[in-house]
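Please look through the structure below with its sequence at hand. The briefing that follows groups its points by topic.

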Amino acid sequence: MRMSNKPKEHSLKKLLFGLEKRYKTCAVLAPATIMVEVLLEVFIPFIMAKIIDVGIANRDVAYVLKTGALMIVCALFSLGFGVVSGRFAAVASLGFAKNLRRRLFAKVQDFSFANVDKFSTASLVTRLTTDVTNTQNTFQMIIRMCVRSPFMFISAIIMSFYINAELSLIFLVAIPVIAIPLAVIMVKAFPRFQLMMKKYDALNAAVQENLTGIRAVKAFVREDHENQKFRDAADAVRQTQLKAERLVILNMPIMQMVMYCSVIAMFWFGGNYIIAGKMQTGELISFITYLMQILMSLMMISFIFVMLVISRASMARICEVLDEEIDIKNEESLMKAANAENVAPENGSVCFKNVSFSYDKREETAVLRNINLQINSGEVVGIIGGTGSSKTTLVHLIPRLYDCLSGTVEVAGRDVKSYDIEALRSKVAMVLQKNVLFSGSIKENMRWGNENATDEQIFEACKIACAHDFVQSFPDGYDTQLGQGGVNLSGGQKQRLCIARALIKQPQILILDDSTSAVDTATDAKIRAGLRSTLPDCTKIIIAQRISSVIDADRIFVLDQGQLIDSGRHEDLLKTCSIYREVYEQQQKGSDFDNPGNDLTEKGGK
């Protein structure tokens, strides 16, 4: 994962962008109601002091009952406002988390392949779950505790100074003793929590990789190895979390020490004031109550700072995704055009002009160099090349899944950058190397190609892809539910369904990226014949390892080490291209073309 070391700005304001009005209202009402709760709570010790110093001291039962009733009413209203504030805060924080996850997910959907390459899947999952949850908890704490604690602290300080200003000087000693260690903890703890979140990424990656490849794990009897790998990742999380928490937990004993020392000092000096007649008993009791409120407020403020340190790491990781610059987007001039949404290729011709490409945008690491080729609309072309010759990268440039480093890629005579991205990709159908099917019925998966496709269109596409018969053999037919990734289908069945899904799109350019590698040559030939007869005007680009898959193509392009070394029909390449001829002869020696191991991996100057 290639991540920049330069820190990016992040703020709660940025994360709050786009929060729905009803959640904003709750976010405002939560602190407003908590302030009323605090005022009532701070007023209660003052009433209690009056009961002791006036009612009890003067044996005035009526005063005690009347003032006691007022104290009970204040307590009940304080409790009620606290409950209402909690509800407002919960609604606001949950809405905030929903809004943030939606924005994160939407941003990832807009990522180009290059953007996705910068973040691992496990890291994005952690950011959408753990990091958002941490930020949500902090947001809820901010709109409640960040208001309650300082407001309680200030209100209690005012009341304590009102009762006895000299005794209140104890707080001037206690506050710095708390503040200085807290500041040190905040500075030191942040990088430790950042490291902890990275270890979480590694743990999620281990889990995801294991669950995705569980069949391979069992086939190779690697359960013990995977268990050990998971234990190592989990232990790394534990160690980093322990290191971070070991520093943070120092905050609590410091707070308790200051609290107990303050209470002792309060009893000592307050008792002397009572003996000297400078203070009444009720005032000392209420003063001690205010002391507890002040110290509890300070404790909560310190806890808030600790949580902010933890969530700061999560907020930074979330903002990395939100701030990620999407490198493939519509040109500004196109976005301003009135007919931007109608910009789409008129035919399926493709032209590469001096195209080079690099994943890290550096010329010296280019994986494609000076590619020049022309594909006419409606042609069937094959692309042959050894593993790592960048065949897949080449076709990814056509629908702008990546942008080329230099040169231009044209579709229908126009630079692909001049098209609306959605309009361009709607005319290009790709069957990727890795067959991806989603949870749901077969019919629902087919409608990814066209959400309005009729059953007849689905059946016809599946017949062309040689998938109709095996689908019909299932008890539920096209309503058969697929597991995640289509785990209840064979590799060949998944490939054929993916081809059918692409056909339903009715594209002008169809790209098959080694998409028949798991089917036999007879079925492969039937699929190719069906494609040629049913989509005569569609440009078909077939990437294959087996020459039998492209032998009847109008033209075949041969790639080697990111360069186009030759092109032509099968018969011509046998005469002019020694690499192509060697591979063809090698595959023929296997007595048929079904041996996928005989490819260009060992040939072509590799």
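At 19% relative accessibility, Ala412 counts as buried, because buried means under 20%. The model is a predicted one. Ala412 is found in the loop between β4 and β5, and the points below start from that turn and move on to the sheet, the aromatic rings, the cavities and some loop residues.

**The turn at Ala412**

- Strands β4 and β5 form a hairpin that has two residues between them.
- Ala412 is in the turn of this hairpin, and its phi is near 55°, a positive value in a residue other than glycine.
- As background, most residues other than glycine have a negative phi.
- Strand β4 covers residues 406-411 and is joined to β5 by two bridges, with the two strands running antiparallel.
- Within this pairing, Val411 stands opposite Arg414 in β5.

**The sheet**

- The hairpin strands belong to an open sheet of four strands, in the order β2-β1-β4-β5, with antiparallel pairing.
- Which strands are at the edges of the sheet? They are β2 (368-375) and β5 (414-415), each of which pairs on one side only.
- Strand β1, residues 350-357, runs antiparallel to β4, and five bridges join the two.
- Two of the partners across β1 and β4 can be named: Val350 has Val411 as its bridge partner in β4, and Ser356 has Ser406.
- Val411 therefore appears twice in this account, as the partner of Val350 and as the residue opposite Arg414 in β5.
- Strands β1 and β2 also pair in the antiparallel sense, over five bridges, and Val355 stands opposite Ile371 in β2.
- How many residues of β1 are buried? Six of the eight are, so β1 is largely enclosed by the rest of the structure.

**Aromatic rings**

- A search of the whole structure finds 10 aromatic pairs.
- One of the pairs is Phe438 with Trp448: the ring centres are 4.1 Å apart and the planes are at 5°, so the pair is stacked. The cut-off behind this is that planes under 30 degrees apart count as stacked.
- Phe438 lies in the loop between β6 (428-431) and β7 (440-441), and Trp448 in the loop between α14 (442-446) and α15 (455-464), so the pair ties together parts that are 10 residues apart in sequence.
- Phe438 is partly exposed, with a relative accessible area of 34%, whereas Trp448 counts as exposed at 56%.
- Another pair is Phe470 with Phe474: the ring centres are 6.0 Å apart and the planes are at 70°, so the pair is edge-to-face. Here the cut-off is an angle over 60 degrees.
- Are Phe470 and Phe474 buried or exposed? Both Phe470 and Phe474 are buried.
- Ring pairs also link Phe43, Phe46 and Tyr162 into a cluster.
- A charged residue meets a ring as well: Arg414 lies over the face of Tyr419, at 4.9 Å from the ring centre. Arg414 is the residue in β5 that Val411 stands opposite.

**Cavities**

- Rolling a probe the size of a water molecule over the atoms shows where empty space is left.
- The count comes to three cavities of 30 Å³ or more.
- About 60 Å³ of space lies in the largest cavity.
- The largest cavity is lined by 10 residues, and those nearest its centre are Ala114, Phe357, Tyr359, Lys361 and Tyr402.
- What kinds of residue form the lining of the largest cavity? The lining divides into four nonpolar, one polar and five charged residues.

**Other loop residues**

- Gln506 is found in the loop between α17 (491-504) and β9 (509-513). Its phi is near 50°, a positive value in a residue other than glycine.
- Gln506 is exposed, with a relative accessible area of 54%, whereas Ala412, which has a positive phi too, counts as buried at 19%.
- Gly386 lies in the loop between β3 (380-385) and α12 (391-396), and Gly386 is buried, with a relative accessible area of 5%.
- Gly386 and Asn204 are 182 residues apart along the chain, and their C-alpha atoms are separated by 33 Å.

Methods. Residues are numbered from 1 along each chain as its sequence is written. This is a predicted model: local features need pLDDT of at least 70, side-chain atom pairs count only at pLDDT 80 or more; totals for chains, interfaces and linings use all residues. Side-chain values use heavy atoms; hydrogens and water are left out. On a 1 Å grid over the protein atoms alone, a cavity is a set of points where a 1.4 Å probe fits but cannot get out, and a pocket is an open set with protein on both sides within 12 Å along at least five of seven lines; lining residues have an atom within 4 Å of a point. Grid points are joined across faces, edges and corners, and a volume is the space filled by probe spheres set on the points. Ala, Val, Leu, Ile, Met, Phe, Trp, Tyr, Cys and Pro count as nonpolar, Asp, Glu, Lys and Arg as charged, and the others, Gly among them, as polar. Rings of Phe, Tyr and Trp (its six-membered ring) pair if their centres lie within 6.5 Å; planes under 30 degrees apart count as stacked, over 60 as edge-to-face and the rest as tilted. Buried means under 20% relative accessible area, exposed over 50%, partly exposed in between (1.4 Å probe, protein chains only). A charge sits over a ring if NZ of Lys or CZ of Arg is within 6 Å of the ring centre and within 35 degrees of the ring normal. Two strands pair if DSSP finds at least two bridges between them.
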